[in-house]
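Hi,

Here is the structure I promised to pass on to you. Have a look at it first, and then read on for what I found in it.

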Amino acid sequence: MLQALALPADLTLRGGQVALRRAEMGDLHALMRLLSDDPISAARGDVDADADQDAYASGLSRIIADASNELIVAVDAHRRVIAMLQLTAIPGVARRGSTRLLVEAVRVAGDHRSAGLGSAMMRWVTEVAAPACGATLVQLTSDRQRHDAHRFYLRLGFVDSHVGFKYHVAGSVMT
């Protein structure tokens, strides 16, 4: 876990407040629901199926145990998980030894989209989390099909400056 992050943290939205906190194993089903609620993730095999619970639990356990990673959830006033994102601090030699903060798996529950939660979470990443982690650059990747997400990130000041590539390892089942 990224110890430098002061969590929990409150975010003020148009419709009230949400709290950001570290994900816990008890959040597993809510995380699985957020992933399966996304059509692109669901097409890759992220479905809320009991048969896959062990795989998701293993991934969450590894993130929680890793000092360079953090899975953050947003919870509403009823303590329901309504959004998530993963942060990974990547130390580097390039850019004069700078640290990058990688943002992945940004998901907001369908009934909470377009309410400012995603924007508030990403502002927290750039204004609070990145400086706390000593990062000089926040970067993310976004599936080519996510046109709305691309507009969202551009509106927040991100620049689409690079092209990403993937290589699927033989025997892997994820796409």
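**A strand residue to start with**

Ala105 sits in strand β5, which covers residues 99-108. Please keep in mind throughout that this is a predicted model. The backbone at Ala105 caught my eye: phi is positive there, at about 50°, although the residue is not a glycine. Its relative accessibility is 23%, so Ala105 counts as partly exposed, given that the partly exposed class runs between 20% and 50%.

**Two more backbone spots**

Arg79 also has a positive phi without being a glycine, and here the value is about 65°. You will find Arg79 in the loop that connects β3 (69-75) with β4 (81-91). With a relative accessibility of 73%, Arg79 counts as exposed, because the cut-off for that class is over 50%. If you would like a landmark for this loop residue, try Ala19: the two are 60 residues apart along the chain, and 8.5 Å separates their C-alpha atoms.

The other backbone spot is a peptide bond. Leu7 and Pro8 are joined by a cis peptide bond, with omega at about 5°. Pro8 belongs to the segment that comes before β1 (9-13).

**Helix α1 and its partner α3**

Next, please turn to helix α1, residues 28-36. Its buried residues are Leu28, Ala30, Leu31, Met32, Leu34 and Leu35. What lies over them? The cover includes α2 (39-43), α3, β3, β4 and β5.

The packing of α1 with α3 deserves a closer look. Their axes are 10 Å apart, and the helices pack at an angle of about 105°. That angle falls in the 65 to 115 degree range, so α1 and α3 are roughly perpendicular to each other. On the α1 side, the residues that meet α3 are Leu28, His29, Leu31, Met32 and Leu35, and their counterparts in α3 are Gln53, Tyr56, Ala57 and Leu60. By residue class, this contact has seven nonpolar and two polar residues, and no charged ones.

Gln53 is a handy residue for exploring this contact. It lies in helix α3, which spans residues 53-65. How much of Gln53 is accessible? Its relative accessible area is 28%, so Gln53 is partly exposed. Setting aside neighbours within four places in sequence, Gln53 is in contact with Leu28, His29 and Met32. For the pair Gln53 and Leu28, the C-alpha atoms are 7.9 Å apart, although their positions lie 25 residues apart along the chain.

**Helices α5 and α6**

A second helix pair is formed by α5 (residues 117-132) and α6 (residues 147-155), whose axes come within 11 Å and cross at roughly 50°. An angle of this kind falls outside the parallel, antiparallel and perpendicular ranges, and α5 and α6 are therefore oblique to each other. The handedness of their crossing is right-handed. Gly118, Ser119 and Met122 of α5 make the contact with Phe152, Tyr153 and Arg155 of α6. The residues in this contact split into three nonpolar, two polar and one charged.

**An aromatic cluster**

Two of those α6 residues, Phe152 and Tyr153, bring us to the aromatic rings. How many aromatic pairs does the whole structure hold? A search finds two. In the pair of Phe152 and Tyr153, the ring centres are 5.1 Å apart and the planes lie at 65°, so this pair is edge-to-face. Phe152 and Tyr153 are both buried.

The other pair is that of Tyr153 and Phe158, which is edge-to-face as well, with 5.8 Å from centre to centre and 70° between the planes. Phe158 is buried, as is Tyr153. Through these ring pairs, Phe152, Tyr153 and Phe158 are linked into a cluster.

If you want a route through the model, you could begin at Ala105 in β5, go on to Arg79 in its loop, and finish at the cluster of Phe152, Tyr153 and Phe158.

Happy browsing, and best wishes!

Methods:
Residues numbered from 1 in each chain as written. Predicted model: local features only at pLDDT ≥ 70, side-chain atom pairs only at ≥ 80, totals over all residues. Heavy atoms only, no water. Phe/Tyr/Trp six-rings, centres within 6.5 Å; stacked < 30°, edge-to-face > 60°. Buried < 20%, exposed > 50% of the residue type's maximum accessible area, 1.4 Å probe, protein only. Helix = DSSP H or I, 4+ residues; strand = E, 2+ residues; numbered from the N terminus. Contact = heavy atoms within 4.5 Å. Axes fitted to C-alpha atoms, helices over the stretch in contact; angles between N-to-C directions. Parallel < 35°, antiparallel > 145°, perpendicular 65-115°, else oblique. Left-handed = near helix turned anticlockwise from the far one by under 90°. Nonpolar A, V, L, I, M, F, W, Y, C, P; charged D, E, K, R; others polar.
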